[in-house]
Amino acid sequence: MGEEKHEPIPGMVEKRGRALWLTHVLMIVGVLIVFFPIWLAFVASTVTQPEIVSPPMPLLPGGHFWENYKKALFSGVNVPVYTMLFNSLVMALGIAIGKIIISLLSAFAIVYFRFPGRIFFFWMIFITLMLPVEVRIVPTYEVIAGFGMLNSYGGLIFPLIASATATFLFRQFFMTIPDELAEAARVDGASPMRFFVDIILPMSRTNIAALFVILFIYGWNQYLWPLLITTDVEMNTIVMGIKQMFPSGDDTADWPVIMATSILAMIPPVIIVISMQKLFIRGLVDSEK
Amino acid sequence: MEKLVTFKGWLLPLALVFPQIVVSAVFFFYPAGQAIWQSLFIPDPFGLSTKFVGLGNFEFLLTDEFYRASFLTTGVFSLLVTLVSMVPALFLAVMADRLIKGAGVYRTLLIWPYAVAPAIAGVLWLFMFNTRVGVVSWYLGQLGYDWNHVLNETEAMGLVVVASGWGRVSYNFLFFFAALQAVPRSVIEAAAIDGASFWRRFFTIVLPLLSPTTFFLLVVNIVYAFFETFGVIHTITTGGPQQATTILVYKVFADGFVGQDLGSSAAQSVILLLLVGALTVVQFKFVEKRVHY
């Protein structure tokens, strides 16, 4: 067929031949280096404690996968890991859904209404954009303690909902919705809430999904806040609970179980990021703009 | 920018903003106000009464050598984290951009660490460099290097920097890669036709075109290193050895919860608050500028 003749002219910009291989090799080396810590954690979660404590540990998986994961999930160190997974799930979902709901509502009000105090509320929300919970931990802790919300899901979730990023994203998006739609809804005598439910919500679907991915990971990966307010091991989240699995003093840590727990802790966010890659990247780029 | 078409009524919109306002007021404005208020007092040792000291807590902090050291540590730490996470990310993005096929696969693999919480990243790196069982520290030992981040301040700093920067490589890669894909191919090709080598094209065309992204990432990564790396520090070094890795956010925690020095912790919160404010302003100023590029 003379295929060789039809080959594209070697590019000056995209690489071919040796340079292409070199690029692939460099890429693979880069990916391997970046991936190594995760690989090692996985290997450690499939071998026995003696194999780890007499270094060097093997670099290929062993045969104790089920044993270690079963031990982690159902007995753990302080508390079974499935309890911590459940707590993390409730916290991450609570933060993501809670934030999305209150932000959708307030953005809708600020964009589609003129009401007394509108500018004031707008700025009030705007200022919260600036302050991560890490900065105001002591007084926020006191508020939660005052409400008797230590060791509760409410205490884990509410302080982290108070942020304006989502509100601003929705506000920006609502501004791009053509006025004709609201006009038509008004002419047809639809109530504002009808308009919100039938027009705004369906149109915001992609934005909501993208934001959900970002917020879920944000919530799942919280460390300092759960560390402060969950003194009861039954309420520990998995990301903060791992540190608690290390023995105090000179005892040797149960590495296979700890590493199995680390792998379990990263699975949900990794699945979400990989499976919703397009949405995730979009959400990331949007929310940082 | 305002909508021309709006709905009538004021009760409904007030009800709609109500949840967010309540949450912000209770969990944001009240605690922030408390932080400012508490920063003006010193509680007595038994916590029964407090004494007004005005700006005394701040004065004390600014002359306190530990606090100053923590400022310096934070500066060094965040610069190193930014460097360690941005340079490899840019390199990988440039490599991926040269590929026609397969870039998507590499991207999928490189995204992973972003999803890993800083605290978990801390545990993974601690495991590799653990003085007793760590694989990397063991091989270093075979090479004749005695790794001990528990005692050596430089090694401790190096370890928390790498563990903090690791997940950010993914993040920075995504932004650099997107920006590289947006560089007009025609410009690059024109330069190539004129005989500019790959590196020449990179430094004279691509890098300047990337500068908005680079600057944006610089700010975002510094903010990250300042405020979101608590988990890494807490899992690997707990601020040690001898406070060598006690960054400002860690010190707020250590003084407020461990040391129970509420006045000082509150004053530190206020200082951090001002810092975040300044960084946010820089970020916003820049976002506005970015539009004109």
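**A core shared across chains and domains**

In this predicted model, B:I120 reaches over to chain A, where the residues it touches are A:V239, A:I242, A:S262, A:A265 and A:M266, leaving aside anything up to four places away in sequence. B:I120 also turns up in the largest nonpolar core, as one of the residues with the most contacts inside it, along with A:F108, A:V239 and B:V249. So A:V239, a contact of B:I120, is itself on that list. The core as a whole runs to 162 residues. Its largest share comes from helix α5 of chain A (residues 81-112), which puts in 16 residues. Both domain 1 (3-74) and domain 2 (81-288) of chain A give residues to this core, so it sits between the two.

As for those two domains, the assignment for chain A splits it into residues 3-74 (domain 1) and residues 81-288 (domain 2). Taken over C-alpha atoms, their centres are 32 Å apart. Where the domains meet, domain 1 of chain A puts in 16 residues and domain 2 of chain A puts in 13.

On the domain 1 side of that contact, the elements giving two or more residues are α2 (17-44), α3 (49-53) and α4 (65-74) of chain A. Helix α4 of chain A gives the most, with 6 residues. As to make-up, the residues on this side of domain 1 of chain A come out as 10 nonpolar, 5 polar and 1 charged.

Conventions:
Residues are numbered from 1 along each chain as its sequence is written. Chains are lettered from A and ligands numbered from 1 in the order in which they are written. This is a predicted model: local features need pLDDT of at least 70, side-chain atom pairs count only at pLDDT 80 or more; totals for chains, interfaces and linings use all residues. A nonpolar core is a set of buried Ala, Val, Leu, Ile, Met, Phe, Trp, Tyr and Cys residues joined through C-beta atoms within 7 Å. A residue is buried if 20 or more other C-beta atoms lie within 10 Å of its own, exposed if 12 or fewer, and partly exposed in between; C-beta atoms are placed from the backbone. Helices (H or I, at least four residues) and strands (E, at least two) are DSSP runs, numbered from the N terminus. Domain bounds come from an automatic or database domain assignment. Two residues are in contact if their C-beta atoms, placed from the backbone, lie within 7 Å. Ala, Val, Leu, Ile, Met, Phe, Trp, Tyr, Cys and Pro count as nonpolar, Asp, Glu, Lys and Arg as charged, and the others, Gly among them, as polar.
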